[in-house]
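Subject: Structure for you to look over

Dear colleague,

I am passing on the structure we spoke about, with the sequence alongside, and below it you will find my notes on what turned up when I went through it. Please read them with the model open beside you.

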2 protein chains.
Amino acid sequence: MADGLNMSRRIRRTPYTGRVEASGVRGFSVVNHMLLPKAYQPSVEQDYWHLREHVQIWDVACQRQVQLEGPDAERLAQWMTPRGIAKAQPGDCLYVPITDVDGGMINDPVLLKLDQNKFWLSVADSDVLLYAKGLAIGGGLDVEICEPDVSPLAVQGPKAEDLMVDLFGEAIRDVGFFNYGWFEFQGTLQLIARSGYSRQGGFEIYLNGSKFGPALWDAIWAAGERHHITPGCPNLIERIEGGLFSYGNEMTREVNPLEFGMGKFCKLDGSIDFIGREALQKVAADGVKREIRGVLFDGPACPTCSIPWPVMVGEAQVGQITSAIWSPRLMRNIGLSLIARAHWEIGTAITVTYPDGSQQAGEISGLPFN
Amino acid sequence: MADGLNMSRRIRRTPYTGRVEASGVRGFSVVNHMLLPKAYQPSVEQDYWHLREHVQIWDVACQRQVQLEGPDAERLAQWMTPRGIAKAQPGDCLYVPITDVDGGMINDPVLLKLDQNKFWLSVADSDVLLYAKGLAIGGGLDVEICEPDVSPLAVQGPKAEDLMVDLFGEAIRDVGFFNYGWFEFQGTLQLIARSGYSRQGGFEIYLNGSKFGPALWDAIWAAGERHHITPGCPNLIERIEGGLFSYGNEMTREVNPLEFGMGKFCKLDGSIDFIGREALQKVAADGVKREIRGVLFDGPACPTCSIPWPVMVGEAQVGQITSAIWSPRLMRNIGLSLIARAHWEIGTAITVTYPDGSQQAGEISGLPFN
């Protein structure tokens, strides 16, 4: 087989990898130098239907935490993102784009405020820890930056809340979306947020202490049996249908947050200072030249999108699909693409060009897909 | 199978991946968010014997370049490494550990000086680009930092020089070890260095321009046929035998360069300023508490080392093996481990503990293995 993954210490195992392997995982990806399960038996399609109906346990320990702690922690965090964080309180999770000097995206983590001088950035696939260290060293900031022994485990799906109540009590129902609370597990207090990389609802347990990993997995599994729990992972069908973007796929340093509809997360009125402000102010003033859209297109199930596929209107390239898959619910292929302004209206007819040169007809869709 | 790698745009293909797949690759790793071939038919052992006798073509495009360009490029490069770079000339390649404030290793790239104001850091698996950006932004340095479209392709093995002469002419013989020259390929000038991640000799072509990738691969392949060329990749047996270390395996932020015998690359006399100087001066003054060693140990071929294996002397842990494999030449298992000072003498008897709790007897070896 051409797509085996060679293991080494450099590709870090998680506190849950043993359980994941015992559960029949049949594929991984690598995120933040760590294993992310990406496929279980029997198929991504069956995982998709299950996720929409029941509940799944996901090893998302690769969502590493970059801990900023010290007198300048908030100052550094604010410097890194266009989103105003001054009003955040302990208990809040904030989705925060991180931008380069030119407005390009360096990551799109969730910021958790732990206390006035302590924050976690729960990061996607780039070494934000090294970026933060560089900024702190270069800027002479009084802040300690480390990767704590914290490994998120996600419980996702419509039955997630009932499962979590069984395990952590009724108080879990009071945790709002993108909020977190502290809950007891085996004599420890653990941070649990209502969040996750799906549109089906659920929680993420930011497990502090790798040694508790197998016990936490087993406890969730036991509580989940009556809710038809299965092992799962971020589901490509559900993610694309739901209009969730992926750093490294849709988002790179070549795109900016305004192109992804994140204007509400970009405070450009001059009241806060952050890296990339002038560049984003100019983009906002000029208007974005392209914006993220869905693409629906014909044909049998599309191949894996590992290099972008041009989106054409006639002879002109108007975008490129960076993630795509067959939707068994919509019975069409679905993809995500930045689309040039002149062509981004919903319903615009396009063609998608595969790497082998063949083409499929399709049209622009809003997000999420209906 | 449990070790499949799920493909996506985020796991970047290289200019050579198509050729690699056509050559029968059967496994990849991921380095710098990019595919690194890690296994071909028929076996790592046969690849090892071939590499020692003939010549191989390796897709090492994942050795990405972090380009520093501008008036402060040299200042930034020097700030990042304990090695003095002031005397480097265009044409020089320097192995430069990059250290954190506490002396811990952030990467171990090769620095190429292109001209007085332009450098490449050819990096191992961590986002040095983001670290450099952070330092430059934080420190207000006048330097542009980018990842150019440069994708190294390695030609390794004792017949590499003869092959390269066939393709690039006799002048290639004049390129010294860890030097580079400029050579013509299809009307372009390309940087070629005498370097590579093996002890068998060879070259790395820093191909500028992805579009030339397949043509370069094909030209090397054609020139290599009479030298018994095969597709290959960094070979774990040869690397460990040769005492070559791997960032993410042996080296992490928890170790410092003095523990890896890199004292000659650490200018600690106060004549240069770099991040981590005070920490390394203290380590040097106190003497390192552990140092890298080889470990020879018994038993049938060892399993894959994906979590460190404790190295014991009696009841005391004196180190941990971070890479290991069966050597078909030495007819024993070989591994790499930092070893505590009291036990690091060559020949010291140790035991290696596998994750299942079983143990193998062995002893400390010098590096490279004989």
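Is strand β16 (residues 290–297) of chain B mostly covered, or mostly exposed, and how many of its 8 residues are buried? Before answering, I should say that this is a predicted model. The strand is mostly covered, with 6 of its 8 residues buried.

β16(B) has partners in chain B that can be followed in the view. With strand β19 (residues 332–340) of chain B, β16(B) runs antiparallel and is joined by 8 bridges, and in that pairing Phe297(B) stands opposite Asn333(B). With strand β21 (residues 359–365) of chain B, the pairing is again in the antiparallel sense, here over 4 bridges, and Val295(B) stands opposite Ile364(B).

Elsewhere in chain B, helix α3 (residues 73–80) is largely enclosed by the rest of the structure, because 6 of its 8 residues are buried. Those buried residues are Ala73(B), Glu74(B), Leu76(B), Ala77(B), Gln78(B) and Met80(B), so that a charged name, Glu74(B), appears in the list beside nonpolar ones such as Leu76(B). They pack against several elements of chain B, including the strands β4 (65–69), β8 (110–115) and β9 (118–122), as well as the helix α4 (128–139).

Turning to the interface, chain A and chain B each bring 54 residues to the contact, and the area buried between them is about 4,600 Å², of which carbon and sulfur atoms give 56%. Within the area that chain A buries against chain B, Arg9(A), Arg10(A) and Leu130(A) supply 18%, which is more than any other three residues.

As for polar links, the rule finds 4 salt bridges across the interface of chain A and chain B, together with 20 residue pairs in polar contact. Lys133(B) forms a salt bridge with Asp100(A), in which the closest N and O atoms are 2.7 Å apart.

On the side of chain A that touches chain B, the elements that give two or more residues are β1 (25–31), β2 (34–40), α4 (128–139) and β18 (316–327) of chain A, and of these α4(A) gives the most, with 9 residues. By class, that side of chain A has 23 nonpolar, 18 polar and 13 charged residues.

With best wishes

Methods
Residues are numbered from 1 along each chain as its sequence is written. Chains are lettered from A and ligands numbered from 1 in the order in which they are written. This is a predicted model: local features need pLDDT of at least 70, side-chain atom pairs count only at pLDDT 80 or more; totals for chains, interfaces and linings use all residues. Side-chain values use heavy atoms; hydrogens and water are left out. Contact means heavy atoms within 4.5 Å. Buried area is the accessible area (1.4 Å probe) that two parts lose on being put together, summed over both. A salt bridge is a side-chain nitrogen of Lys or Arg within 4 Å of a carboxyl oxygen of Asp or Glu. A polar contact is a pair of N or O atoms within 3.5 Å; within protein, one must be able to donate a hydrogen and the other to accept it, and residues adjacent in sequence count only if both atoms are side-chain atoms. Buried means under 20% relative accessible area, exposed over 50%, partly exposed in between (1.4 Å probe, protein chains only). Two strands pair if DSSP finds at least two bridges between them.
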